[in-house]
Amino acid sequence: MRGLNVFVQDLKKMLQNRTSLITMVVVACLPVLYSGVMIKGSWDPYGQLDQLPVAIVNLDTGAEFAGSELHIGKDVVEELKTNGSFKWSFVSEEQAQEGITGNEYYMTVTIPADFSQKATTLMDDQPEQAEITYEPNWNYNYVGGQIGSNAVKEIKSSISAQITESYARSLFDHIKEISAGLGQAGSGAEQLNNGADKLESGARMLKTNIGKLAEGTQQVENGVKPLEQGAEKLHSGAASLFAGAGNLTDGLKQLSSAEGQLEAGAESANAGAGQLTGGLQTSTAGSKALVTGLEASVEGAVRLVSGLNASATSSSKVADGAKQVAEGLEQLAGANAQLAQNPLIQQLLEASRKVAEGSQALSAVQAQLLTGSESLAAGQQQLLAGGRKLAQGQQELLHGAEQLAAGNSRLAGGVKQFGSRLDLAAAGSKELAAGAGRLSTGITELRHGLAQLSGGAAKLASGSQQLSSGAGQLQSGAGQLAGGLDELAGKLNDAQGQTSSVKNNDVTVSMFADPVKLTENTDRKVEVYGLGIAPYFLSMALFVGGLVLTVVIPARTSTVTGSQPFGRFLSRTLTFMMMSVAQSLIAALILLYGIGINVQSVPLFLLFTFFTSLTFLMIIQTIVTWLDMPGRFVVIILLILQLTSSAGTFPRELLPEWMQRLNPYLPMTHSIRGLKAVISSGDYSLMWHQAGILLCYAAGFVLLTLLYFLRQNGNPIEKGKGAGAEF
């Protein structure tokens, strides 16, 4: 009770002293003056940006883009004239420089002369970035320069959207042109696909016919080999015929000589009848041999005629076949220009022509040989008939020697006739020998021609096989080409359909130019800057008010003479508590109803403001009680540390590292957090948590103050000692 009595007496004396009462009222109102003025002065600076002068200099001369004039600088100026976010001044470059030098403008924005021209270089090989030059007047006002820098970003976004819109319109126009081109390309691809189908069908037919050609050439090659063998045999027979014809000629020469002797003998037959019998015997044997030789000669001539007939027939067929092969190759080469340029086909065509020409020449020669052999056969038949008659006559002479004399004259005539026949036989044998020589020469040429024909047929067969393989590859490639063209036509038509569906209207262009829309979630939004900074200013004002209060009210002494230390402790502590109620209540009410701060809960705002003021006063009381005047200097240092480290303006993460470490231990850190919760967010659990921390600070420092007074037990401080002893 004695402690409370000291408090009551000190309070009465304070109320009775008008000066002290006025001083206490002023000190109680100091926080509201401090915080109210600062909050009101910073209430809504961003809402007054239309009063912030900014100079705009447009030097843009424009440019041509997509067939139309582009004046971005002029468009920006026209848009800014309708935009009241700043106090725009559209001036020349010289006026802007003079204005910012004279601190008339917080910033100048210059659009250079080549701005529109550079903006049109996006599709060039080396595009140039359009530039806007801005110059904030940092020297005049840093915050004004910072605000101006943010404003330039908005201008840049607006200009970028305009440029993008221009490019978007041009792009959409080109897309329409591309769509039409894709449609034409799709139609062309369909036509190419139809042509590829026909090409595949033709390649299939070509492959089939070339396969037949390959089979035919293989048959020709196989047929030429027996023909070569037959020609070899024919050459051998012709050689034998030539040799036999030579022998026949020699024999006929001998026979002709014998016939002369016979004629001489016939003339002297009358003189040598005895010699006639021996001569007839010899003549009979010779005639028999002659008949035998003539029969063999006739048989050989018949076989020669038959062989020449067969050879002529074969040669005619060979000539016709070679001619058909040559004509077929010429038609094939004429139908395919690429095939006509093939060296192998050209060689084959030349060889087939030579074979046809050689075959025709051989056929002609064989026809001549056939005619000669037929004549030879007829002469030999006559010679045979004569030989037989000769034999018969000799036989009659042999048996009718007695009639020799009577028929001697007839013998002479028969001998003469026989001599003439021998001349004919000799001439025929010469022709036979000459024909046999020509036959041998023709057959030799036939062999060479057949050899060339065989080689050409082999090459033709090989080339036909290669041509058949190439035709198969052509057919396969044509099929793949047709499939690819069909897919290409489908893709082109799909692309044409998709590109034609692109909308080239203002809504689409605007969406293309500005595709992202920012939507702000206002659940945690603080409407004005003053509400955001109020916790910081109010905490600072309450701390300053507490510091000033220790100058007016002494922390150690009492107006009651002989008061005990506990009584002085109780009196000073209750006085500071009473002043904390007054300061917090006045400040809170003025902010609520004078300035118009909207809080989440008025009672909790009043209560937390009191907790803040109480904590600050208990801390200040302890420091000043223990240290007196130096303690106030310590309190000022503590205030400075709290103002810089409590994250009232800048986020904690932006502070120096040592301030971040100090931040959790400063009372003002928790007062600002709690006031933000009760003013803005409505997070009452956070508010109560911060209030608990502040009250722990207050309780701890109250105990420290009590400890100081308990140490003064038995040493009362007389009235008049200490600062503010009159109170």
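**Notes on a predicted helical chain**

1. Let's start with a pair of neighbouring helices. The axes of H14 and helix H15 (residues 629-645) approach to within 6 Å and cross at roughly 145 degrees. That crossing is right-handed. On the H14 side, the contact is made by Ile619, Ile620, Ile623, Val624 and Leu627. H15 brings Met629, Pro630, Gly631, Arg632, Val634, Val635 and Leu638 to it. Sorted by character, the residues of this contact come out as 10 nonpolar, one polar and one charged. Keep in mind as you read on that this is a predicted model.

2. Now the overall picture. The chain has 18 helices and six strands. Of its 727 residues, 41% are buried. Looking at contacts between residues at least 6 apart in sequence, 84% join residues at least 24 apart. Several of the points below show such pairs one by one.

3. What does the UniProt record add? An unreviewed UniProt entry places the feature "transmembrane region" at residues 21-43, 528-553, 574-596, 602-626, 633-650 and 691-710. Two of these spans can be checked against the model. Residues 528-553 are 92% helix and 0% strand, with their end C-alpha atoms 37 Å apart. Residues 602-626 are 100% helix and 0% strand, and here the end C-alpha atoms lie 36 Å apart.

4. Helix H18 deserves its own paragraph. This helix runs over residues 684-711, which is 28 residues. From first C-alpha to last it reaches 41 Å, close to the 40 Å expected at 1.5 Å a residue. Which residues of H18 are buried? They are Met687, Gln690, Ala691, Leu694, Ala698, Val702, Thr705, Leu706, Tyr708 and Phe709. Try finding them on the structure with this rule in mind: an α-helix has 3.6 residues a turn, so residues three or four places apart point the same way. The cover over the buried residues of H18 includes helix H13 (565-595), helix H14 (602-627) and helix H17 (667-681).

5. Thr625 gives a close-up of that cover. Is Thr625, a residue of helix H14, buried or exposed? It is buried, with a relative accessible area of 0%. Leaving out residues up to four places away in sequence, Thr625 touches Ala555, Arg556, Thr705, Tyr708 and Phe709. Thr705, Tyr708 and Phe709 also appear among the buried residues of H18.

6. Next along the chain is Trp626, again in helix H14. Trp626 counts as partly exposed because its relative accessibility is 30%, and partly exposed means between 20% and 50%. Its C-alpha lies 7.6 Å from that of Thr705, although the two residues are 79 apart along the chain. Beyond residues up to four places away in sequence, Trp626 touches Arg556, Leu704, Thr705, Leu707, Tyr708 and Arg711. Compare that with the list for Thr625: Arg556, Thr705 and Tyr708 turn up in both.

7. A loop residue comes next. Ile597 sits in the loop between H13 and H14. Being in a loop doesn't leave it out in the open here: Ile597 counts as buried, at 4% relative accessibility. Where is Val528 relative to Ile597? The two are 69 residues apart in sequence, with 9.9 Å between their C-alpha atoms.

8. Leu474 is a good example of a long jump in sequence. This residue lies in helix H10 (residues 408-500). Leu474 is partly exposed, with a relative accessible area of 38%. The C-alpha atoms of Leu474 and Arg204 are separated by 8.5 Å, while the residues are 270 apart along the chain. Residues up to four places away in sequence aside, Leu474 touches Ala203 and Leu206.

9. Finally, two backbone oddities to look up. Most residues other than glycine have a negative phi. Asn103 has a positive one, near 60 degrees. It lies in the loop between helix H4 (93-101) and strand S5 (107-111), and at 34% relative accessibility it counts as partly exposed. Ala647 also has a positive phi, of about 60 degrees, although it is not a glycine. You'll find Ala647 in the loop between H15 and helix H16 (657-662).

Conventions. Residues numbered from 1 in each chain as written. Predicted model: local features only at pLDDT ≥ 70, side-chain atom pairs only at ≥ 80, totals over all residues. Heavy atoms only, no water. Helix = DSSP H or I, 4+ residues; strand = E, 2+ residues; numbered from the N terminus. Expected span 1.5 Å × (residues − 1). Buried < 20%, exposed > 50% of the residue type's maximum accessible area, 1.4 Å probe, protein only. Contact = heavy atoms within 4.5 Å. UniProt positions renumbered as here; feature names shortened; annotations may be inferred. Axes fitted to C-alpha atoms, helices over the stretch in contact; angles between N-to-C directions. Left-handed = near helix turned anticlockwise from the far one by under 90°. Nonpolar A, V, L, I, M, F, W, Y, C, P; charged D, E, K, R; others polar.
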